[in-house]
2 protein chains.
Amino acid sequence: MNRHTPNDTGSELATSLASIVGPAGVTTAPEDLEPHVQDWRGRFKGRAACLVRPASTAEVAAVIGHLAARGVPVVPQGGNTSLCGGATPDESGQAVVLSLSRMNRIRSVDAFDNLITVESGCILERVQEAAQEVGRLFPLSLAAEGTCQIGGNISTNAGGTAVLRYGMTRDLVLGLEVVLPSGEVLSGPRGLRKDNTGYDLKQLFIGAEGTLGVITAATLKLFPRPREVITAMAAVADLAAAVKLLRHLQEDAGDNVITFELISDVALDLVLQLLPGHAPPFPRTPPFSVLLEVASFWRGFSAADAVQDSLARASEAGLCDDAVVARDDAQAQALWRIREDVPEAERRSGTAIKHDVSVRPGLIPTFVDATRRAVEAVLPGAGIILFGHLGDGSLHLNVVPPGLGKARVAPEIHARVWRAVHDVVTAHEGSISAEHGIGQLKRDELWHYRAALDRRLMRAIKDSFDPRGLMNPGKVV
Amino acid sequence: MNRHTPNDTGSELATSLASIVGPAGVTTAPEDLEPHVQDWRGRFKGRAACLVRPASTAEVAAVIGHLAARGVPVVPQGGNTSLCGGATPDESGQAVVLSLSRMNRIRSVDAFDNLITVESGCILERVQEAAQEVGRLFPLSLAAEGTCQIGGNISTNAGGTAVLRYGMTRDLVLGLEVVLPSGEVLSGPRGLRKDNTGYDLKQLFIGAEGTLGVITAATLKLFPRPREVITAMAAVADLAAAVKLLRHLQEDAGDNVITFELISDVALDLVLQLLPGHAPPFPRTPPFSVLLEVASFWRGFSAADAVQDSLARASEAGLCDDAVVARDDAQAQALWRIREDVPEAERRSGTAIKHDVSVRPGLIPTFVDATRRAVEAVLPGAGIILFGHLGDGSLHLNVVPPGLGKARVAPEIHARVWRAVHDVVTAHEGSISAEHGIGQLKRDELWHYRAALDRRLMRAIKDSFDPRGLMNPGKVV
C-alpha cells in the first residue's frame with residue numbers, strides 16, 4: 001500500500017495517518033481503494049480520501065482523534081457485506097474509509113464462563129470456529145458469515161437463522177470497547193451477566209451502524225453446544241399452516257426449535273433450475289417448504305424419534321403434507337444448501353425489488369395476502385418470491401416485475417413498490433428493516449415512517465455523541 | 001384521597017393535578033403520603049409535595065407536562081420495593097411522587113406469538129399468572145414478585161433467579177411506551193423479534209431508574225412452559241466445587257439448567273433456627289448448599305432420571321457430597337422456601353452490611369477468598385453470609401460485624417467495608433451493583449468507580465433527555 005497519488009488532498013492526509021498506522025496501514029491508490037468505496041452488490045459507489053487500516057485499538061483511537069481534529073469524516077468498514085450501503089462512502093471523496101480488517105485477534109476464549117472476547121475485524125465464521133474449538137456454540141449465523149466481520153454484525157445488530165432461539169446480535173453482547181468520535185476509548189469489555197451500574201452505554205452502539213463511534217472489540221456470550229441437531233424440511237400448503245406448524249413443534253419441543261426458515265415454491269424452483277447439485281426435496285414442489293432445526297442438549301436422549309413423531313402428528317393435523325428428516329450430516333447440509341442458495345438463484349433469475357421486513361408471525365398470512373394485493377395494484381402481473389426467517393416473523397419478500405429479465409427497475413417503479421409494501425408492513429405494525437439495517441439505502445424510508453418524536457430523539461443522540469456529524473455521514477440519521 | 005392540608009404548597013399543586021387525574025388520583029394527606037415517601041426497609045425517608053396516581057398513559061403525559069411547565073421534580077414509583085432508595089423522594093418536599101399503581105391493566109396476551117402487553121403498574125406476579133393462564137412462561141422471578149411492579153422491574157433491569165437461562169429484564173422487553181420529561185409519549189409497544197430501524201431508543205429507559213422518563217407500558221416476550229421442572233438441592237464442600245457442579249450439569253443438560261442458587265452454611269442455619277416450618281435438607285449443614293432447577297420441554301421425555309444420574313456422577317467426581325431431588329411439588333416448594341427465607345432470617349438475626357455484586361462465575365472462589373481477607377483487615381472478626389444467584393455470578397454478600405446484634409452499623413464502618421469489598425469486586429472485573437441498581441444508595445459509589453468518560457456520557461444522556469433534571473433527581477446520575 002502507501003502508493004500515494006501526487007496532488008491529491010488524500011495524499012497529505014495519508015502521510016499523516018501513516019505516522020500513526022505505519023506505511024502499510026494506509027493507501028490512496030485507486031486500485032486499493034476500489035473494493036472499499038463500493039458495496040459488494042454494486043448498488044452504491046462513492047469515493048474516499050484514503051483507506052486506513054489500523055491494527056490496534058490505540059491506532060483506531062489515534063486515527064479517529066487525528067481525523068476529528070481536522071474535521072475529516074470517517075466511514076468504518078468491516079467485511080463490507082452491507083445490503084444497505086452502510087459501509088460505502090459518499091461521492092464527495094472527503095471521507096476516510098477505516099477498515100477494521102487488521103484488528104482480527106481473538107483476545108480470549110473462556111469455555112468455563114462461556115465468554116469470548118474478539119476484536120471487531122474477526123470474521124464471523126472465525127468466531128464460530130473459536131467457540132466450537134472449546135466445545136461451545138456462538139449462535140449468530142447468516143449468509144455472509146464467511147466474509148462479514150463481527151464488528152459489522154454488532155454495528156448492524158445482525159439477525160440470521162438462529163434468532164428464534166438465541167435472539168439478535170444485541171442479545172449476544174456482554175461488553176463493548178468503542179472508540180468515540182472524539183478519539184476517546186470507552187470501557188473495556190467485561191463478561192458480566194448481571195451488571196446494573198448506571199446507563200448501559202454499550203446498547204447505544206449496537207445497531208447504530210458506526211454513526212456514534214467505532215466498535216473495536218466485544219465480549220460475547222457462548223452457549224452449550226447441542227448434542228444433536230435434527231434437520232428437516234416440511235412441505236406446507238399455505239402460510240397459515242406454516243406458522244401453525246412452528247407452534248405445534250414448540251408444543252412438543254419447547255424452545256429447542258432453533259431454526260424455522262421459509263422457502264416459497266418460486267424460490268425452490270429457481271434453486272433447482274438455476275443452480276447445480278440440488279436434488280428436489282419433494283416429488284412435487286409444494287407451495288411452501290420449511291427448513292427446520294430442533295436441538296437436543298440432554299445426555300442420553302435422542303430427539304430424532306421425537307421430531308419424526310411430532311412431524312407425523314403435524315401431518316395428521318393437516319399442518320404439513322410431507323416431511324424429510326435428514327438421516328445424516330450430508331443430508332442436513334443438502335437441505336441447508338437449498339435454503340442458502342435462494343438469494344443466488346434469485347440473483348441469476350433477474351431483477352427484483354427486495355424487501356427485508358418483519359411482522360408478528362401470526363400476522364404473516366394476512367400480511368402476505370395484503371402485500372400481494374398492494375403490489376398487484378402498483379405493478380400488475382408482478383411475481384413475489386418469499387423466503388426467510390419465518391420463526392421470528394422476518395421475511396425477504398422480493399417483487400419480480402413482469403417481463404423485466406435482467407434490466408434495472410426504473411427508480412420510480414422501485415420507489416412506488418417499496419412504498420406500497422412498506423405501507424402494508426406499517427399497517428401490520430411491522431418493521432421496514434427487520435435485520436439488514438438502514439445504511440443509506442433506507443434512510444429516507446426510515447425518516448418517512450418513524451414518528452417525529454423518534455426522529456428527534458435519534459437526532460439528539462447523534463448530535464450529543466457526534467456533534468459535527470463526522471461518523472459514517474449519510475447513514476441512518 | 002384529595003384531603004388537602006391547608007397552607008401547603010403541595011395543596012395548590014394537588015388541586016391543579018386533580019383537574020387531570022380526578023380528585024381520587026391525588027393526595028397531600030400525610031397518612032396517604034407516608035408509605036410513599038420512604039423505602040420499605042426504612043433506610044430512606046423523604047418528603048413530597050403530593051402523591052399523584054394517574055390511571056392512563058394520557059394522564060401520565062398530562063401530569064408530567066403539567067409538572068415540567070412548573071419546574072416540579074417527579075419521582076416515579078412502582079411497588080416501592082427498591083433496595084437502593086430508587087423510588088424515594090429527597091427531603092426537600094419539592095417533588096411529586098407519581099405512583100403507577102392504577103395503571104395495572106394487562107392490555108393483551110398473545111399465546112400464539114408469545115407476547116404480553118402490560119401497563120407498568122402490573123404486579124410482576126400478575127404478569128406471570130397471565131402468561132401461565134395461556135400456557136406460557138414469563139420467566140422473570142424475584143423475591144418481591146408479589147409486590148413489585150413490572151414498570152419498576154424494567155426501570156431497574158431486574159435480575160432474579162432465572163437469569164442464567166432467560167437473561168435480565170432487558171432481554172425480555174420487545175417494546176416500551178414511555179412518557180418523556182417533556183410529557184410527550186414515545187412509541188407504542190410493538191412485538192417484533194427483528195426490527196433494525198434506527199437507534200433502539202427503548203434500551204435507554206431500561207435500567208435508567210426513571211431518570212430519563214416514565215415507562216407506562218411494555219410488550220414482553222413469553223416463552224414455552226417447561227413440561228417438567230426438576231428441583232434439587234446439593235450439598236457442596238466449597239465454592240470451586242459449586243461452580244464446577246454447574247458446568248457439569250450444563251454438560252449433561254445444556255441450557256436446560258435454569259436456576260442455580262447458592263446458600264452458605266451460616267445462611268442455611270439462620271433459616272433453620274429463626275424461621276418456623278423448615279426441615280434440614282441434609283443431616284449436617286454443608287459449607288454450601290445449591291438449589292437448582294433443570295427444565296425439560298420435550299413431549300415424552302422425563303428429565304428426573306437424567307438429573308438424578310447427573311448428580312450421582314457429580315458426586316462420584318467429588319463435585320457434591322449429597323443431593324436431594326424433590327419428588328413432588330410440595331418437596332420442591334419446601335426447598336425453595338429455604339432459599340426464599342434467607343433474607344428474612346438474616347434480617348431477624350441482626351445487622352449486616354449488604355453487597356449486591358457480581359463477577360464471572362469462574363472467579364467466584366478467588367473473589368470470595370480475597371473479600372474475606374479484605375473484610376477481616378477492615379473489621380476483624382466479622383462474619384460473611386453468602387447467598388444468591390451463583391449461576392450468573394451474582395452474589396448477595398453480607399458482612400456481619402462482630403458482636404453488634406441489632407444496633408445500626410456506624411456509617412464510617414459501613415463505608416469502609418463497602419469500599420473494601422467494592423475494591424475487591426473491581427479488581428476482579430466485577431459489578432458493584434449486579435441487580436438492585438443504583439438509586440440513591442449507591443450513587444456516590446457508582447461515581448467513584450465508573451471511569452470519567454463513562455460518567456461524562458451518562459451525564460450527557462441525562463442532560464439531553466432531561467435538561468432541567470426533573471426526573472427522579474438524586475438517583476443514578
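User: In which strand of chain A is A:E293 found?
Analyst: This is a predicted model. Look along chain A to residues 288–296. A:E293 is found there, in strand 14.

User: A:E293 has no salt bridge, so how far away is the nearest side chain of opposite charge? A salt bridge needs a nitrogen and an oxygen within 4 Å.
Analyst: A:E293 is buried. The nearest side chain of opposite charge belongs to A:R225. A salt bridge has to fall within 4 Å. A:R225 is away by 9.6 Å.

User: Which side chains make polar contacts with the side chain of A:E293?
Analyst: One polar contact spans 2.9 Å and leads to A:T259. Another spans 2.8 Å. Both residues are also listed among the contacts of A:E293 beyond four places in sequence. The partners are A:T259 and A:W336.

User: What relation links chain A and chain B?
Analyst: A turn of 180° lays chain A on chain B, with an RMSD of 0.0 Å. The shift along the axis is 0.0 Å. That makes the relation a two-fold axis.

User: How much area do chain A and chain B bury between them?
Analyst: On chain A, 96 residues are in contact with 95 residues of chain B. Carbon and sulfur atoms carry 56% of the buried area. The total is about 7,400 Å².

User: Which helix gives the largest share of the side of chain A that touches chain B?
Analyst: Between the chains there are 45 residue pairs in polar contact. Several elements of chain A each supply at least two residues to that side, including strand 14 and helix 8. The largest share is 10 residues, from helix 16.

Conventions:
Residues are numbered from 1 along each chain as its sequence is written. Chains are lettered from A and ligands numbered from 1 in the order in which they are written. This is a predicted model: local features need pLDDT of at least 70, side-chain atom pairs count only at pLDDT 80 or more; totals for chains, interfaces and linings use all residues. Side-chain values use heavy atoms; hydrogens and water are left out. Helices (H or I, at least four residues) and strands (E, at least two) are DSSP runs, numbered from the N terminus. Buried means under 20% relative accessible area, exposed over 50%, partly exposed in between (1.4 Å probe, protein chains only). Lys and Arg count as positive and Asp and Glu as negative; His and the chain ends are not counted. A polar contact is a pair of N or O atoms within 3.5 Å; within protein, one must be able to donate a hydrogen and the other to accept it, and residues adjacent in sequence count only if both atoms are side-chain atoms. Contact means heavy atoms within 4.5 Å. Copies are superposed by least squares on the C-alpha atoms of residues with pLDDT of at least 70 in both. Buried area is the accessible area (1.4 Å probe) that two parts lose on being put together, summed over both.
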